[in-house]
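Please walk me through this structure at an unhurried pace, beginning with its metal sites and ending with the place where the chains meet.

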Protein chains: 2
Amino acid sequence: RLPLLARFSPPQLIALSFALAILVGGLLLWLPVMHGVNADGTVRPVNFLQALFTATSALCVTGLNVLDPSRDFNRLGQVVIMLLIQVGGLGIITFGTAFALITRRRMAFTERVQVAQQVSALNIGDVRSLIRNIFLYTFVIEGVGALLLAFAFVPRHGLGLGLYYAVFHAVSAFNNAGFALYSDNLMGFVGDPLVSGVIALLIILGGTGFLVQLNVVAHLLNPRRHRLMLHSRLVLSVMAALLAVGTLAYLALEWSNPRTLGPLGFGEKLLASFFQSVTTRTAGFNTLDYGAMTLPTLFVTLILMFIGANPGSTGGGIKTSTFYVIVVSAWSMVLGRRSVNLYGRRIDMDTILRAMTVSLLSLGLIAGMFFLLLLLNTGHPEVQFIHLLFEAISAFATVGLSMNATPLLHPDQHVVLILLMYLGRIGPLTFAVAFSRPDHRDLVRYPAERDILIG
Amino acid sequence: RLPLLARFSPPQLIALSFALAILVGGLLLWLPVMHGVNADGTVRPVNFLQALFTATSALCVTGLNVLDPSRDFNRLGQVVIMLLIQVGGLGIITFGTAFALITRRRMAFTERVQVAQQVSALNIGDVRSLIRNIFLYTFVIEGVGALLLAFAFVPRHGLGLGLYYAVFHAVSAFNNAGFALYSDNLMGFVGDPLVSGVIALLIILGGTGFLVQLNVVAHLLNPRRHRLMLHSRLVLSVMAALLAVGTLAYLALEWSNPRTLGPLGFGEKLLASFFQSVTTRTAGFNTLDYGAMTLPTLFVTLILMFIGANPGSTGGGIKTSTFYVIVVSAWSMVLGRRSVNLYGRRIDMDTILRAMTVSLLSLGLIAGMFFLLLLLNTGHPEVQFIHLLFEAISAFATVGLSMNATPLLHPDQHVVLILLMYLGRIGPLTFAVAFSRPDHRDLVRYPAERDILIG
Ligand SMILES: [K+]
Ligand SMILES: [K+]
């Protein structure tokens with residue numbers, strides 16, 4: 001008899017465990033003991049759908065909100081949200097990097113060798129210690145981040161509350177969750193280099209992906225023995241390029257907008273542009289008001305959100321590697337080349353096909369759900385085409401940025417967003433695992449590049 | 001020494017000849033002798049950009065307008081527009097089906113055999129007679145269409161003018177051009193089964209593609225000798241399915257809209273829904289006001305416009321075959337199949353890759369041009385995100401449907417739309433030709449399905 005976990009396929013296990021965790025989280029957050037209290041002593045009302053939405057947003061590390069977590073939940077409720085974020089984030093990283101090692105059923109030989117190399121690089125003996133190291137790494141980074149943030153939050157809120165704020169925002173940032181304990185998210189820190197900087201750094205580390213960080217650390221410790229993998233070089237380059245493009249776009253397109261960058265000095269303009277560029281992919285914090293941005297900025301944001309973070313990270317979207325493979329492949333096709341080359345190596349045809357399929361399926365999913373949002377729209381004058389499109393892509397890519405339309409939507413539309421967050425989160429993960437079966441044809445035919453993660 | 005035409009590659013020749021024709025057409029339509037006259041005898045002003053836009057729209061058989069062709073141009077100007085439509089339409093069909101035969105440089109063996117089979121099926125000896133037959137076929141269909149339309153237009157406008165209207169609209173419909181001689185396009189005929197029906201039939205014939213029609217005719221004449229090609233079965237099925245889906249979508253989503261289907265009886269509702277479904281892909285006539293439609297309808301329309309008509313036809317978009325190959329491939333990938341099968345045959349990997357590349361490049365082109373439209377927007381209150389997106393996709397897919405925003409745009413935005421119409425028209429054509437090079441690898445490796453046209 002197989003043990004219980006082995007009876008499910010990895011994709012089924014991912015889908016089921018996330019759904020179960022969301023249900024439990026939703027029930028927990030539904031308890032009145034979690035809810036905030038008004039000045040007159042009455043408990044603020046939170047219905048089950050709102051609790052479920054919040055739990056989904058936390059577990060899928062999205063950050064979209066129908067409620068105001070700083071007021072509609074009390075400290076206990078907020079701690080539960082923080083724990084859901086942590087469970088979701090660790091689950092995503094663990095599933096994304098170590099799941100295939102545990103089941104050992106569907107993993108391709110080349111991928112097993114690759115992960116084993118990385119694991120041995122840090123002297124990690126077995127799967128359990130790998131997972132333990134993921135946890136350890138996460139908590140150390142979050143701890144350091146919280147310590148740094150305490151320098152900003154303790155003077156502001158006092159020791160106890162300040163440390164609590166520091167821990168909450170460090171966890172939320174490293175897991176790319178986008179939840180903040182202020183009603184206006186982080187807009188009060190638009191010119192604060194400490195908070196903006198530390199949060200941005202945590203987001204970037206969290207969005208880089210564990211395997212890539214493992215590879216970078218191993219490479220730095222022993223450059224000769226552990227080469228920087230093609231995958232690492234690729235995602236780090238794309239990440240840097242997209243951060244630069246995003247910063248320039250926000251700077252140029254919002255420069256004179258009186259409701260965003262307009263009133264700020266040059267240094268603050270630069271800081272805010274960089275922060276927004278970081279958070280777009282796909283952390284979901286904001287120090288500027290996305291409801292006040294110009295249409296060109298919003299369109300660039302839509303594209304950056306759709307592309308998202310690195311595979312194997314807590315970030316969402318179709319992933320940087322997927323995007324880059326698509327761009328390079330399409331360009332090779334335009335130039336009439338028969339093969340797609342990158343850093344002197346040929347990209348395997350299956351990788352290209354997988355990247356294109358992931359992108360097109362993602363577009364299809366967004367299109368379908370966006371159509372439902374349009375169909376269920378109640379005609380609220382502040383909720384137009386662009387608002388629904390923005391919230392839909394933000395939900396799919398688990399970004400959490402909002403044009404402030406989500407709270408105005410119909411409960412049925414909230415159900416659609418819950419589905420979109422869930423599918424946007426488990427879809428690419430499931431895909432990555434489902435696709436990691438051995439490809440006998442390729443093993444026989446030619447020595448192609450296969451170690452680029454897609455989805 | 002090579003003859004002049006042979007010195008250019010087919011893609012260069014297509015791009016150059018279209019650009020040249022547009023320039024000549026623009027100069028012609030700029031002449032004051034072409035322009036309409038007001039009641040007080042003054043000539044209506046038409047600047048060069050407006051003339052160029054009209055020429056591009058006519059030659060790329062799009063139908064977007066910055067002017068009102070029924071008033072800003074006189075009979076001479078309208079005849080020039082009709083001739084530009086005819087030249088554009090014939091050019092597209094000829095380039096799309098016979099170009100590779102003329103140059104005989106880059107065509108794959110399998111494709112040459114396929115076309116030769118079809119050509120022999122209709123007893124066409126050489127390339128010149130093939131082209132002659134394309135022309136003959138076009139004029140016969142247009143003639144029959146004009147004759148039928150005369151039954152509606154002659155009683156309305158008298159013999160001379162009625163015949164003129166019948167010819168103009170038959171040419172415009174068969175070439176999927178979308179130009180009409182009424183200020184409200186064909187909205188006056190929303191309940192007219194004769195005009196709506198004949199125009200719809202001409203659109204469908206024109207949007208089917210010459211090779212497919214050739215194949216169908218050959219098959220009907222001798223079913224045993226000439227099988228119905230996989231490509232024909234595929235595009236005819238997809239076309240029928242999309243027509244049905246579109247009709248149902250318009251019917252269901254606009255049923256009670258007081259500004260579109262609401263006031264009509266059931267029969268008229270059905271006729272108008274069918275007509276709009278036909279015209280969306282990608283003819284560009286309208287009997288309903290797209291500026292008055294609901295957001296879900298507009299979104300469905302965006303998708304149908306993007307998919308477009310059959311390859312090798314005068315319709316635009318990424319094409320039905322491209323869309324179908326993508327859907328089937330993505331679905332096979334989701335199910336974890338190693339190969340994509342259709343009608344009991346395996347789809348060649350190159351075809352899949354080509355379909356996905358065409359789709360993603362098209363999305364990229366639309367995204368880039370749409371960003372420019374947003375950037376150049378002057379903040380006109382009637383021109384919002386959805387309006388610009390609608391006009392952009394309409395221009396790319398050479399549809400010509402409009403949310404009535406195009407005349408309100410800035411001249412710089414008109415330049416962007418001109419570029420988009422031009423690139424949307426020659427892009428897929430150029431791609432199709434550029435991709436039709438022999439693939440030695442595939443000829444050696446396996447006998448795969450290759451006769452599905454993409455783009
Ligand atoms: K997020
Ligand atoms: K058209």
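Which spacing do the donors of the potassium ion (ligand 2) follow along the chain? In this predicted model, the donors of that ion are spaced along the chain as V-T-x113-N-x105-T-A-x114-T-V. The atoms behind this pattern are the O atoms of B:Val61, B:Thr62, B:Asn176, B:Thr282, B:Ala283, B:Thr398 and B:Val399, which coordinate the potassium ion (ligand 2) at 2.5 to 2.8 Å. Two of these donors show how separate stretches of the chain are brought to the ion: B:Asn176 sits in the loop between helix H7 (159-174) and helix H8 (193-208) of chain B, while B:Thr282 sits in the loop between helix H11 (266-280) and H12 of chain B, so the pair ties together parts that are 106 residues apart in sequence. Both B:Asn176 and B:Thr282 are buried.

Another of the donors, B:Thr398, can be followed further into its surroundings. B:Thr398 is placed in the loop between H15 and helix H16 (411-434) of chain B, and this residue counts as buried because its relative accessible area is 0%, where the cut-off for buried is under 20%. Once its neighbours within four places in sequence are left aside, B:Thr398 is in contact with B:Cys60, B:Val61, B:Thr62, B:Asn176, B:Thr282, B:Gly315, B:Gly316, B:Met421 and B:Arg425. Among these contacts are B:Val61, B:Thr62, B:Asn176 and B:Thr282, which also coordinate the potassium ion (ligand 2).

Chain A has a potassium site of its own. There, the potassium ion (ligand 1) is coordinated at 2.5 to 2.8 Å by the O atoms of A:Val61, A:Thr62, A:Asn176, A:Thr282, A:Ala283, A:Thr398 and A:Val399, and the spacing of its donors along the chain reads V-T-x113-N-x105-T-A-x114-T-V. Here the pair A:Asn176 and A:Ala283 links distant parts of the chain, with A:Asn176 in the loop between helix H7 (159-174) and helix H8 (193-208) of chain A and A:Ala283 in the loop between helix H11 (266-280) and helix H12 (295-307) of chain A, 107 residues apart. A:Asn176 and A:Ala283 are both buried.

The wider fold of chain A gives these loops their setting. Chain A contains 17 helices and two strands, and buried residues make up 59% of its 455 residues. Of the contacts in chain A between residues at least 6 apart in sequence, 73% join residues at least 24 apart.

A second buried position in chain B is B:Thr320, which is found in helix H13 of that chain. Since its relative accessible area is 0%, B:Thr320 is buried, and, leaving aside its neighbours within four places in sequence, this residue is in contact with B:Val235, B:Val238, B:Leu242, B:Arg281, B:Ile307, B:Gly308, B:Ala309, B:Asn310 and B:Pro311.

Charged side chains come next. Side chains of opposite charge can pair when their charged atoms come close. Over all chains, the count comes to four salt bridges. One of them joins B:Asp72 and B:Arg44, whose closest N and O atoms are 2.6 Å apart. B:Asp72 lies in helix H3 (residues 69-72) of chain B and B:Arg44 in the loop between helix H1 (10-30) and helix H2 (48-59) of chain B, so this pair ties together parts that are 28 residues apart in sequence. B:Asp72 counts as buried, at 9% relative accessibility. Another salt bridge is formed by the side chains of B:Asp68 and B:Arg71, at 3.5 Å from N to O; B:Asp68 is buried, with a relative accessible area of 16%, whereas B:Arg71 is partly exposed, at 49%. In chain A, the side chains of A:Arg71 and A:Asp68 also meet in a salt bridge at 3.5 Å, N to O, and A:Asp68 counts as buried at 15% relative accessibility.

How, finally, do the chains meet, and how many residues of chain B are in contact with chain A? Here 37 residues of chain B are in contact with 37 residues of chain A, and together the chains bury about 3,500 Å², 82% of it on carbon and sulfur atoms. B:Phe299, B:Met333 and B:Phe385 supply 20% of the area that chain B buries against chain A, more than any other three residues. Across this interface there are zero salt bridges, and the count of residue pairs in polar contact, both at pLDDT 80 or more, is also zero. The elements giving two or more residues to the side of chain B that touches chain A are helix H12 (295-307), helix H13 (320-334), helix H14 (349-375) and helix H15 (385-396) of chain B, and H14(B) gives the most, with 15 residues. By class, that side of chain B has 28 nonpolar, three polar and six charged residues.

Note on methods:
Residues are numbered from 1 along each chain as its sequence is written. Chains are lettered from A and ligands numbered from 1 in the order in which they are written. This is a predicted model: local features need pLDDT of at least 70, side-chain atom pairs count only at pLDDT 80 or more; totals for chains, interfaces and linings use all residues. Side-chain values use heavy atoms; hydrogens and water are left out. Donors are N, O and S atoms within 2.8 Å of the metal (3.2 Å for Na, K and Ca); water is not among the atoms, so sites may look incomplete. Helices (H or I, at least four residues) and strands (E, at least two) are DSSP runs, numbered from the N terminus. Buried means under 20% relative accessible area, exposed over 50%, partly exposed in between (1.4 Å probe, protein chains only). Contact means heavy atoms within 4.5 Å. Buried area is the accessible area (1.4 Å probe) that two parts lose on being put together, summed over both. A polar contact is a pair of N or O atoms within 3.5 Å; within protein, one must be able to donate a hydrogen and the other to accept it, and residues adjacent in sequence count only if both atoms are side-chain atoms. Ala, Val, Leu, Ile, Met, Phe, Trp, Tyr, Cys and Pro count as nonpolar, Asp, Glu, Lys and Arg as charged, and the others, Gly among them, as polar.
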